Amino acid sequence: MPVEITWWGHATCTVEDSGVRVLTDPLFARRLAHLRRRRGALPPPGAWRTDLALVSHLHADHLHVPSLARLTPGTRLLVPRGALRAVPGLRRLGRPGRLRITEVTPGDRVEVGEVVVRVVSARHDGRRLPVGPRRSPALGYVVEGEARTYFAGDTGLFETMAEEVGPVDTALLPVGGWGPYLGEGHLDAARAAQALARLAPRSAVPVHYGTYWPIGMDAVRPHEFHAPGDEFVRHAALRAPGVAVHRLGHGESVRLEVAR
């Protein structure tokens with residue numbers, strides 16, 4: 001059975017594997033604080049339907065409470081340990097009859113249907129900004145069913161990445177951001193290609209670029225908004241030529257055959 005991956009924009013993807021739908025970092029907003037969606041239509045209501053949703057860290061463009069509130073009651077939601085304490089709105093979503101929220105930490109394994117999700121670490125500031133102590137780790141996830149799909153969340157490159165993630169078939173890697181400059185704990189296109197070379201999956205999909213941009217900054221380093229996907233394709237061809245890179249448009253899907 002092929003695995004299907006749909007990129008909705010930013011870090012939001014649907015991974016369909018073994019009859020299970022997994023949604024990553026749901027963000028269905030046209031505007032978020034000082035950011036606005038500049039490219040790609042908002043995901044349709046069908047994108048809200050999922051068996052399991054994964055949140056990589058507490059930043060509002062990854063843990064967006066209004067978007068999570070659109071998920072079907074009873075949906076399973078994995079969040080970093082400490083998230084319920086740090087985000088009051090998330091606690092309200094965890095009340096009976098709403099979402100089934102589980103806090104996780106690296107090393108945890110969660111089964112949903114025929115899929116197992118392994119929780120792995122990331123190198124990123126995981127706290128809820130702009131205020132708040134560093135209570136929660138940033139996470140990545142490996143969805144294991146017919147295939148093994150790595151969702152990196154937001155992360156910098158780190159020495160033990162390949163060891164912690166393990167063998168994977170597909171990597172969903174961040175290659176940009178939502179502003180003209182990337183701080184520490186991020187991958188740009190070149191560093192994401194380095195990560196790709198270490199992970200050595202069969203295929204990759206670049207994410208976390210070309211969707212949101214600060215209001216009033218359209219003319220500030222616009223190449224940082226438009227170019228990361230193409231730059232990743234170019235860098236990946238040099239550093240990991242054996243990996244098939246699928247640069248999707250917003251709302252586009254790719255079906256990947258599994259060969260074990």
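A helix axis here is a line fitted to C-alpha atoms over the stretch in contact, and the angle between two axes is taken between their N-to-C directions. Keep that in mind as you click through this predicted model.

**Stop 1: helix 7**

Select residues 228–239, which form helix 7. At 1.5 Å a residue, its 12 residues should span 16 Å, and the end C-alpha atoms are indeed 16 Å apart, so the expected and modelled spans agree.

Now colour Pro228, Gly229, Phe232 and Ala236, the buried residues of this helix. Looking down the axis of helix 7, you will find them within an arc of 95°, so they line one face. A reminder helps here: an α-helix has 3.6 residues a turn, so residues three or four places apart point the same way.

What covers that buried set? Show strand 13 (170–174), helix 5 (189–199), strand 14 (203–207), helix 6 (223–226) and strand 16 (244–245), which are among the covering elements.

**Stop 2: where helix 5 meets helix 7**

Keep helix 7 on screen and add helix 5. Their axes come within 8 Å and cross at roughly 40°. Angles from 35 to 65 degrees fall in the oblique class, so helix 5 is oblique to helix 7. The crossing is right-handed.

To see the contact itself, show these side chains:

- from helix 5: Ala189, Ala190, Ala192, Ala193, Gln194, Leu196 and Ala197
- from helix 7: Pro228, Glu231, Phe232, His235, Ala236 and Arg239

**Stop 3: helix 5 on its own**

Which residues of helix 5 are buried? Select Ala189, Ala192, Ala193, Ala195, Leu196 and Leu199. Viewed down the axis of helix 5, they fall within an arc of 155°, so this helix too has its buried residues along one face. The elements covering them include strand 12 (148–151), helix 4 (161–165), strand 13, strand 14, helix 7 and strand 16.

**Stop 4: Thr160**

Next, go to the loop between strand 12 and helix 4, where you will find Thr160. With 28% relative accessibility, Thr160 counts as partly exposed. Try a distance from here to Leu172: the two are 12 residues apart in sequence and 18 Å apart in space, C-alpha to C-alpha.

**Stop 5: two positive phi angles**

Finish with a pair of loop residues. Ser18 sits between strand 2 (12–17) and strand 3 (20–24). Its phi is near 55°, a positive value in a residue other than glycine. Is Ser18 buried or exposed? At 18% relative accessibility, Ser18 counts as buried.

Then move to Asp25, in the loop between strand 3 and strand 4 (31–32). Asp25 is not a glycine, yet its phi is positive, about 35°. Asp25 is buried, with a relative accessible area of 0%.

Notes
Residues numbered from 1 in each chain as written. Predicted model: local features only at pLDDT ≥ 70, side-chain atom pairs only at ≥ 80, totals over all residues. Heavy atoms only, no water. Helix = DSSP H or I, 4+ residues; strand = E, 2+ residues; numbered from the N terminus. Expected span 1.5 Å × (residues − 1). Buried < 20%, exposed > 50% of the residue type's maximum accessible area, 1.4 Å probe, protein only. Arc of directions from axis to C-beta. Contact = heavy atoms within 4.5 Å. Axes fitted to C-alpha atoms, helices over the stretch in contact; angles between N-to-C directions. Parallel < 35°, antiparallel > 145°, perpendicular 65-115°, else oblique. Left-handed = near helix turned anticlockwise from the far one by under 90°.
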